[in-house]
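Student: Please take a close look at one part of this model, its pairs of oppositely charged side chains, and then set that part in the context of the whole chain. I would like a connected account that keeps to what the coordinates support.

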Amino acid sequence: MNDQEPSAGVEPLPETSSQPPSGGVLPVEVAGNPVLAQPPLLTLTKLKSVPVTTVWPTEPFHFTPWLLANSAELSEVLGMDVELEEREHKVGKYSLDLIGREVTTDRPVIVENQFGSTDHTHLGQLLTYAGGTLPSTVVWVAEDFREEHRAALDWLNDNTVPGVRFFGIRLAAVTLEGAPAGLVAPSMELVVQPNDYVAGASAGATVEGSLKAQLYAEFWATVAPLLKERGWTTSKGTTQNWWPMSAGVSGASWTVSFANFGCRSEIYFGHPDPAVNQARWKALAERSDEIQAEFGAGEVVFDDLPNNKGCRIETRLAGPKISDRSTWDAVRHWMVDTQERLRRAVAAVGGVPADLPAASVDEDGGSFAG
């Protein structure tokens with residue numbers, strides 16, 4: 001059959017190839033016959049590196065302030081919620097570029113930035129700052145990582161105390177080839193991280209603890225898209241029983257969690273200064289009737305936790321356990337719904353009170369900024 005001539009009056013089909021024709025436009029089919037799409041359907045281009053000084057002329061006066069104001073960029077590349085809080089933080093007679101906290105654990109995060117290639121001076125500074133701040137997360141940002149410095153961070157991840165993690169982030173700036181002048185985007189790439197960072201569970205965890213951590217990781221992974229689409233977090237998830245999210249002020253967090261009784265949705269005040277926590281809590285507790293009315297169905301509990309430094313405003317769901325997968329869908333819905341309503345209720349009375357120094361907190365809770 002393949003050797004037969006085509007029938008009279010029937011034009012033979014042109015030979016086709018699985019490879020795209022010149023210009024990169026693939027054939028499409030019309031009435032069963034492949035024909036070439038008429039360009040231009042799209043224009044293909046490529047990314048081109050530009051000097052980082054195109055975006056930030058200097059590291060200390062431009063890039064570091066930019067990163068302080070854009071914690072979400074760092075959160076995205078690290079895969080955890082980070083809230084940067086202070087620039088040029090004093091460590092003895094030296095100054096750390098940036099310090100903040102991991103929202104999930106409320107433990108310190110430190111960041112050391114440099115333009116150009118990594119060097120021994122900045123590695124020494126990084127370790128000095130780590131010793132003076134006791135962070136859980138140490139981040140080194142540079143344009144290029146020398147192999148010996150990558151190896152040093154890997155060694156630190158393998159040999160430092162559990163719970164302390166070292167990350168290396170390569171900084172770049174890019175544009176599109178052929179793009180108008182001034183169209184430049186920042187780029188941050190994770191090039192060093194702990195070997196077990198994705199796994200989450202520590203090597204010394206018990207079997208039961210590891211299984212629970214896996215369940216939490218699986219559950220929160222299904223919650224993450226719901227939280228992200230509302231702009232509440234940029235984190236990928238956690239292996240803990242709780243997920244805290246920034247409340248916009250230092251030392252306070254919106255949190256959803258599993259507890260012994262079931263589930264909790266709250267705003268938690270965990271500032272290092274208990275007086276600040278009490279002042280914030282009391283300012284909102286004094287308007288509890290308004291908050292409850294705005295919140296709607298379900299009880300809002302104002303718990304000042306008298307035996308603790310922190311305090312909370314919460315609502316509860318009795319019963320669910322992380323091990324019961326049949327409840328997960330209902331729990332997800334409840335967590336998102338109660339967080340939306342609790343946030344709206346607090347906003348209706350003026351929002352979360354801002355930080356205030358301990359000296360300004362009087363016996364009755366005092367006034368607060370914001």
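Tutor: A salt bridge is counted here when a side-chain nitrogen of Lys or Arg lies within 4 Å of a carboxyl oxygen of Asp or Glu. With that cut-off in hand, and bearing in mind that this is a predicted model, we can begin with glutamate 290 and arginine 287, which form such a bridge with their closest N and O atoms 3.0 Å apart. Glutamate 290 counts as partly exposed because its relative accessibility is 42%, and the limits for that class are 20% and 50%. Arginine 287, at 32% relative accessibility, also counts as partly exposed.

A second pair joins arginine 230 to glutamate 229, whose side chains meet with an N to O distance of 2.9 Å. Here the two partners fall into separate classes: arginine 230 is partly exposed at 31% relative accessibility, whereas glutamate 229 is exposed, with a relative accessible area of 59%.

The pair to examine next is arginine 165 with glutamate 102, where the closest N and O atoms are 2.7 Å apart. Arginine 165 belongs to strand β8 (residues 165-176) and glutamate 102 to strand β5 (residues 94-102), so this salt bridge ties together parts that are 63 residues apart in sequence. Glutamate 102 is buried, because its relative accessible area of 7% is under the 20% limit.

Charged side chains can also be linked beyond a simple pair, and Glu83, Glu85 and Arg101 form a network of salt bridges. Across the whole structure, the search finds 15 salt bridges. As a general matter, side chains of opposite charge can pair when their charged atoms come close.

These bridges sit in a protein chain whose secondary structure comes to eight helices and 14 strands. Of the 370 residues in the chain, 39% count as buried. Among contacts in the chain with a separation of 6 or more, 59% are between residues 24 or more positions apart. The exposed area of the chain is about 20,000 Å², and carbon and sulfur atoms supply 53% of that area.

Charged residues appear again in the second largest pocket, which holds about 340 Å³ of space. Of the 23 residues that line this pocket, Trp242, Ser253, Thr255, Tyr268 and Gly270 are the closest to its centre. Sorted by class, the lining has seven nonpolar, ten polar and six charged residues. Strands β10 (242-246), β11 (252-259) and β12 (262-269) each supply at least two of the lining residues, and β11 gives the most, with five.

Two backbone details deserve a careful check when you inspect the model. Most residues other than glycine have a negative phi. Glutamate 88, in strand β4 (residues 82-91), has a positive phi near 55 degrees, and this residue is partly exposed at 33% relative accessibility. Leucine 134, in the loop between α3 (120-133) and β7 (137-144), likewise has a positive phi, of about 50 degrees. Leucine 134 counts as exposed, because its relative accessibility of 64% is over the 50% limit.

Definitions and conventions. Residues are numbered from 1 along each chain as its sequence is written. This is a predicted model: local features need pLDDT of at least 70, side-chain atom pairs count only at pLDDT 80 or more; totals for chains, interfaces and linings use all residues. Side-chain values use heavy atoms; hydrogens and water are left out. Helices (H or I, at least four residues) and strands (E, at least two) are DSSP runs, numbered from the N terminus. Buried means under 20% relative accessible area, exposed over 50%, partly exposed in between (1.4 Å probe, protein chains only). Contact means heavy atoms within 4.5 Å. Accessible areas come from the Shrake-Rupley method with a 1.4 Å probe; for residues, only the protein chains shown count as cover. On a 1 Å grid over the protein atoms alone, a cavity is a set of points where a 1.4 Å probe fits but cannot get out, and a pocket is an open set with protein on both sides within 12 Å along at least five of seven lines; lining residues have an atom within 4 Å of a point. Grid points are joined across faces, edges and corners, and a volume is the space filled by probe spheres set on the points. Ala, Val, Leu, Ile, Met, Phe, Trp, Tyr, Cys and Pro count as nonpolar, Asp, Glu, Lys and Arg as charged, and the others, Gly among them, as polar.
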